[in-house]
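Subject: The structure we talked about

Hi,

Here is the structure I promised to pass on to you. Have a look at it first, and my notes follow below.

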Amino acid sequence: MAENQIKQLLGGSKILGPAKDLTHLAEEGLPKQALIIFMQKVHIDERRLFSYLDVTRRTIDNYKPHERLRLYISDRLIHLAELYAKGKTIFDSFENFHAWLNRPSVDLGGEKPIDRIQTRKGIDDLLQALGRIEHGILA
């Protein structure tokens, strides 16, 4: 997955600053604006997003616009952005990716992929399923 696509979902260099790798960005903490831009671009359900990030809306609201998010929030947000970047690449749009996320998947034992967006392991499973789709294997 191209880091550039992930960075674009998080606001690109305008928000993230000079080019750094994703690990460095997570360690520094992403600016709050990166989260806001991500939400606007991918149209993810706010409750699901905050549940995955393990924060409340109030916690996020307490951050100032340019304040950096904590490491664990930044790391999880980057991981989720990776999933969405790969999904958009494979399905050509976020709308098509959302449709896949909300359909039961044979590869996941009939479970809807969106229900896996709760843990890092769940997102890793979805990234693997997308990889299989990318290579023409039923998922």
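G131 is found in helix 9. Bear in mind that this is a predicted model. With a relative accessible area of 14%, G131 is under the 20% cut-off and therefore counts as buried. If you want a sense of where G131 sits relative to helix 4 (residues 32-42), try M39: the C-alpha atoms of G131 and M39 are separated by 24 Å, and their positions lie 92 residues apart along the chain.

Salt bridges

Right beside G131 in the numbering is R132, which brings me to the charged pairs. How many salt bridges does the structure hold? The count is 11, and three of them are worth a look here.

R132 pairs with D107, and the closest N and O atoms of this salt bridge are 2.2 Å apart. This pair links distant parts of the chain, with R132 in helix 9 and D107 in the loop between helix 8 (94-101) and helix 9, 25 residues apart. Both partners are partly exposed: D107 has a relative accessible area of 27%, and R132 has one of 26%.

Helix 9 (residues 120-134) also supplies R120, which reaches D75 in helix 7 (residues 71-91). In this salt bridge the closest N and O atoms are 3.1 Å apart. Here too, distant parts of the chain are linked, as R120 and D75 are 45 residues apart. R120 counts as partly exposed at 32% relative accessibility, and D75 is likewise partly exposed, at 30%.

The third salt bridge joins E111 to R116, with 3.0 Å between the closest N and O atoms. E111 has a relative accessible area of 28%, so E111 is partly exposed. Salt bridges with shared partners tie E111 and R116 into one network with K121 and D125.

The loop between helix 8 and helix 9

D107 shares its loop, the one between helix 8 and helix 9, with P104. Is P104 buried or exposed? At 55% relative accessibility P104 counts as exposed, because the cut-off for that class is over 50%. Leaving aside residues up to four places away in sequence, P104 touches G110, E111 and K112, so you meet E111 again here, the salt-bridge partner of R116. For distance, the C-alpha atoms of P104 and R57 are separated by 29 Å, the two being 47 residues apart along the chain.

How helix 7 packs

Helix 7 has two helix contacts that I looked at. Two packed helices are described by the angle between their axes and the distance between the axes.

With helix 4, the axes come within 12 Å and cross at roughly 25°. Helix 4 and helix 7 are therefore roughly parallel to each other, and helix 4 passes helix 7 in a left-handed crossing. Which residues meet there? From helix 4 they are A34, L35, F38 and V42, and from helix 7 they are L77, L80, A81 and Y84. By class, this contact has 8 nonpolar residues, with no polar and no charged ones.

With helix 5 (46-53), the axes come within 9 Å and cross at roughly 125°. That angle makes helix 5 oblique to helix 7. L49, Y52 and L53 in helix 5 meet Y72, I73, R76, L77, H79 and L80 in helix 7. The residues of this contact divide into 7 nonpolar, 1 polar and 1 charged. If you compare the two lists, L77 and L80 of helix 7 appear in the contact with helix 4 and in the contact with helix 5.

Two backbone oddities

Most residues other than glycine have a negative phi. Two residues here have a positive value.

H43 has a phi near 55° and is placed in the loop between helix 4 and helix 5. H43 is exposed, with a relative accessible area of 58%.

D92 has a phi near 70°, and its place is in the loop between helix 7 and helix 8. At 65% relative accessibility, D92 counts as exposed.

Happy to go through any of this with you whenever it suits.

Best wishes

Key
Residues are numbered from 1 along each chain as its sequence is written. This is a predicted model: local features need pLDDT of at least 70, side-chain atom pairs count only at pLDDT 80 or more; totals for chains, interfaces and linings use all residues. Side-chain values use heavy atoms; hydrogens and water are left out. A salt bridge is a side-chain nitrogen of Lys or Arg within 4 Å of a carboxyl oxygen of Asp or Glu. Helices (H or I, at least four residues) and strands (E, at least two) are DSSP runs, numbered from the N terminus. Buried means under 20% relative accessible area, exposed over 50%, partly exposed in between (1.4 Å probe, protein chains only). Axes are lines fitted to C-alpha atoms, for helices over the stretch in contact, and angles run from 0 to 180 degrees between N-to-C directions. Angles under 35 degrees count as roughly parallel, over 145 as roughly antiparallel, 65 to 115 as roughly perpendicular and the rest as oblique. A crossing is left-handed if the near helix is turned anticlockwise from the far one by less than a right angle, and right-handed if clockwise. Contact means heavy atoms within 4.5 Å. Ala, Val, Leu, Ile, Met, Phe, Trp, Tyr, Cys and Pro count as nonpolar, Asp, Glu, Lys and Arg as charged, and the others, Gly among them, as polar.
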